[in-house]
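This report covers the largest pocket of the structure below, and then two residues with an unusual backbone angle.

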Amino acid sequence: MGALKYSLWGICLLVFGVVSSQEQEEEMMLWDADRKLQWSDFKGSYFKTEWAAATTASGISYSFSSYTKDNQLYLDFLVQSEFYPDKSWYRPELCDSIILSHEQLHFDISELYARKMREQLAKTQFTMDAKAEVRAIYKSVLKELSNFQNKYDRETNFSRDLQKQLLWNKQIEAALKEEKPSQN
């Protein structure tokens with residue numbers, strides 16, 4: 001089996017979709033605990049809507065390779081949390097540090113689910129149908145990620161509920177510290 005790569009780009013305002021990144025390379029940033037998003041990272045053109053101040057396009061990608069030796073299947077995985085600058089945008093006249101913190105948390109949540117996928121892959125016993133089995137895990141994690149991102153937006157009212165936003169900031173920060181990144 002050759003290496004496979006799929007990406008999810010989630011738009012924080014309720015829209016999620018799966019795109020293949022094999023066809024064209026687009027600018028992407030990997031999640032890094034030591035580097036927070038800045039407004040200059042948001043390079044996309046905003047949609048002319050009245051209800052959105054910013055959009056974060058982030059998600060999970062994976063690739064894997066496999067080989068057999070002595071009738072044993074071996075898999076090597078790479079699972080990453082990614083941010084897509086050209087699909088992320090903001091309206092400077094509406095945005096502040098609270099909204100930027102809200103957008104950063106969308107990216108942080110993607111990282112939490114990348115870790116969850118790594119964990120599930122590590123504990124799964126794969127058969128010779130590994131491609132389909134990995135894809136099923138990926139789809140399951142994406143569904144959970146989408147539901148969690150939507151819950152985050154609902155509970156914080158897209159960052160407008162400052163108390164809830166601060167609570168979510170603390171919860172996600174604690175979860176990132178608790179769930180140390182595993183090796184890919």
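The largest pocket holds about 320 Å³ of space. Its lining is made up of 16 residues, and those closest to the pocket centre are Lys36, Gln104, Asp108, Glu173 and Leu176. The model is a predicted one.

Two helices, α1 (97–123) and α3, each supply at least two residues of this lining. The most comes from α1, which gives 6 residues. Sorted by class, the lining of the largest pocket has 8 nonpolar residues, 5 charged residues and 3 polar residues.

The second topic is the backbone. Most residues other than glycine have a negative phi. Asp70 has a positive value, and Ser159, also not a glycine, has a positive phi as well. The table lists both.

| Residue | Phi | Relative accessibility |
|---|---|---|
| Asp70 | near 55° | 72% |
| Ser159 | about 85° | 7% |

Each of these residues sits in a loop. Asp70 is placed between the strands β5 (57–69) and β6 (72–83), whereas the loop that holds Ser159 runs between the helices α2 (130–156) and α3 (162–178). The helix α3 also contributes to the lining of the largest pocket, with at least two residues.

Are the two residues buried or exposed? Asp70 counts as exposed because its relative accessibility of 72% is over the 50% cut-off. Ser159 is buried, because its relative accessible area of 7% is under 20%.

Key. Residues numbered from 1 in each chain as written. Predicted model: local features only at pLDDT ≥ 70, side-chain atom pairs only at ≥ 80, totals over all residues. Heavy atoms only, no water. Helix = DSSP H or I, 4+ residues; strand = E, 2+ residues; numbered from the N terminus. Buried < 20%, exposed > 50% of the residue type's maximum accessible area, 1.4 Å probe, protein only. 1 Å grid on protein atoms, 1.4 Å probe; cavity = no way out; pocket = protein on both sides within 12 Å on 5 of 7 lines; lining within 4 Å. Points joined across faces, edges and corners; volume = space filled by probe spheres on them. Nonpolar A, V, L, I, M, F, W, Y, C, P; charged D, E, K, R; others polar.
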